[in-house]
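Colleague: Could you take me closely through one sheet of this model, strand by strand, and then set it beside the salt bridges, the loops and the helix packing elsewhere in the chain? I would like a single connected account.

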Amino acid sequence: MRISHLIIKKKLNKELTTEEINWIIDNYINGKIRDYHMSALLMAVCFNGLSDRETVDLTLAMRDSGDIIDLSSIEGTIVDKHSSGGVGDKVSLVLIGIIGAIGVPFAKMSGRGLGHTGGTIDKLESIPGFKTNLTVDEFIDNIKSINVAIAGQTSDLAPADKKLYALRDVTGTVDNISLIASSIMSKKLACGCDAVVLDVTTGSGAFMNRTEDAIELSKKMVNIGNSLGKKTIAVVTNMDEPLGNAVGNALEVAEAVQALKGYGPDDLMEVVYTIAEYMLIAAKKTKDIDEAKELIKSVIDNGSAYNKFIEFVEKQGGDSSYVRNYDSLINASIIREVKSEKSGYVQKINALKIGNASLILGGGREEIEDEIDYSVGIVINKKVADSVKTGQVIAYIYGNDESKVEAAYKEIISAYEIDGKKINKPEMIIDIIE
């Protein structure tokens, strides 16, 4: 085979065979195919797309490019959850307590956040002592002993995806839906779980701004998982305003703990319940949504979900006193009120601008090597459909640098759209794809 012939084949919108896709990935990883060849092929894919079969083959080739974690020694149906990300997305933190308390094995490998907010790993590392660099044996042992483990992804997990993504990032080929689906699912499949529930966000604060793109991506990923024998469900959720009230690493941990104690924000809890319900169904723990809902409610009401989160933090080396007294996590030196400049109803909160405000404060990273300030962030005080009067506090800024706080203030003000029209709260669950 010659890579130039395969580039031309895809340029002419012809399907690559399984053997050809495997050959491409193997030789790219081994350095026999150069970046300029792969860039041309990726651009041809962006113009002409991949068939469902090609997408599955690419996913498997990337999965098989590195280690595949063997979780077969763990009893029960092991479930994983993935989010395409957003602003204020602390759903995984809440699920740790709920799913673990119910007794379903929950194994999650997570990456660090890049962009306006930290990832799940970054949020957990705001708890002093918390350890995310688990060995595979530690990861498995934690699941066996307490049902839950979250660890950072190793470099040996789907290394072809890591190399391809870096190239896509600098060649304008990130936004092809087949390539996105293969990238996500190759890592999920390499983690060795039996079932996965995908939280695919859409809106101003999501990677997929358009709902139709989020639904198309969901269908691609569900098709990949189910065709390979992994029960896969996608929940398309609204990320047009920040999820919950807190945006920022330690602030989001505190809000997740509040949720586990039974008083999380309504929009956050609607998403948490929905994802958890489908995780329980995928894990064959419950037969329907109503049964799952009752089970989730019971572990929150009786305190076992909160206690499981405490156990999880301690198991991974974290100081649980910061969870029991989560005010101690919130230690920014500056807290500034953001006040409304007009009266009316909140029509819109641009989630991306709120995320950018968090990035300005130091709550996210521009480059993967950047240090995050865990203590900074924003707490939203007025959300979409809420009434507000001139001078009322619409948000609080937590920061450690006056100039950054001032810049974040301007970004937050510009994120709010307020006028006299009364509107309904937005729907959080847009679609379920199985």
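Modeller: I start with strand S8, residues 344–349, which is joined to S10 by 2 bridges, the two strands running antiparallel. What follows describes a predicted model. One position in this pairing can be named, since Tyr345 has Ser387 of S10 as its bridge partner. The wider arrangement is an open sheet of 3 strands in the order S10-S8-S12, with antiparallel pairing. Its edges are strand S10 (387–388) and strand S12 (416–419), each of which pairs on one side only. Helix H17, made of residues 402–415, packs on this sheet and touches S8 and S12, and its direction makes about 45° with that of S12.

A salt bridge involves the loops beside these strands: the side chains of Lys425 and Asp386 meet with an N to O distance of 2.9 Å. Because Lys425 lies in the loop between S12 and S13 while Asp386 lies in the loop between strand S9 (377–380) and S10, the pair ties together parts that are 39 residues apart in sequence. Lys425 counts as partly exposed, at 49% relative accessibility.

Over the whole structure, a search finds 23 salt bridges. One of them is formed by the side chains of Lys231 and Glu434, at 3.9 Å from N to O. Here Lys231 belongs to strand S5 (residues 231–238) and Glu434 to the segment after strand S13 (429–433), so this pair ties together parts that are 203 residues apart in sequence. Lys231 is partly exposed at 35% relative accessibility, whereas Glu434, at 54%, counts as exposed. Another salt bridge links Arg63 with Asp64, whose closest N and O atoms are 2.8 Å apart. Arg63 is partly exposed, with a relative accessible area of 21%, and Asp64 is likewise partly exposed, at 45%. There is also a network, in which salt bridges that share partners join Glu15, Arg53 and Asp57.

Turning to the backbone, two loop residues deserve a look. Most residues other than glycine have a negative phi. Asn13, although it is not a glycine, has a positive phi of about 65°; its place is in the loop between helix H1 (3–11) and helix H2 (18–29). With a relative accessibility of 49%, Asn13 counts as partly exposed. Lys284 is not a glycine either, and its phi is positive, at about 65°. The loop that holds Lys284 runs between helix H12 (266–282) and helix H13 (289–301), and Lys284 is exposed there, with a relative accessible area of 70%.

The last part of the account is a pair of helices. Helix H9 (residues 177–190) and helix H10 (residues 211–227) pack at an angle of about 45°, their axes being 9 Å apart. This angle makes H9 oblique to H10, and the crossing of H9 and H10 is right-handed. On the H9 side the contact is made by Ile177, Ser178, Ile180, Ala181, Ser182, Ile184, Met185 and Leu189, and on the H10 side by Asp213, Glu216, Leu217, Lys220, Met221, Ile224 and Gly225.

Methods:
Residues numbered from 1 in each chain as written. Predicted model: local features only at pLDDT ≥ 70, side-chain atom pairs only at ≥ 80, totals over all residues. Heavy atoms only, no water. Pairing = 2+ DSSP bridges. Helix = DSSP H or I, 4+ residues; strand = E, 2+ residues; numbered from the N terminus. Contact = heavy atoms within 4.5 Å. Axes fitted to C-alpha atoms, helices over the stretch in contact; angles between N-to-C directions. Salt bridge = Lys/Arg side-chain N within 4 Å of Asp/Glu carboxyl O. Buried < 20%, exposed > 50% of the residue type's maximum accessible area, 1.4 Å probe, protein only. Parallel < 35°, antiparallel > 145°, perpendicular 65-115°, else oblique. Left-handed = near helix turned anticlockwise from the far one by under 90°.
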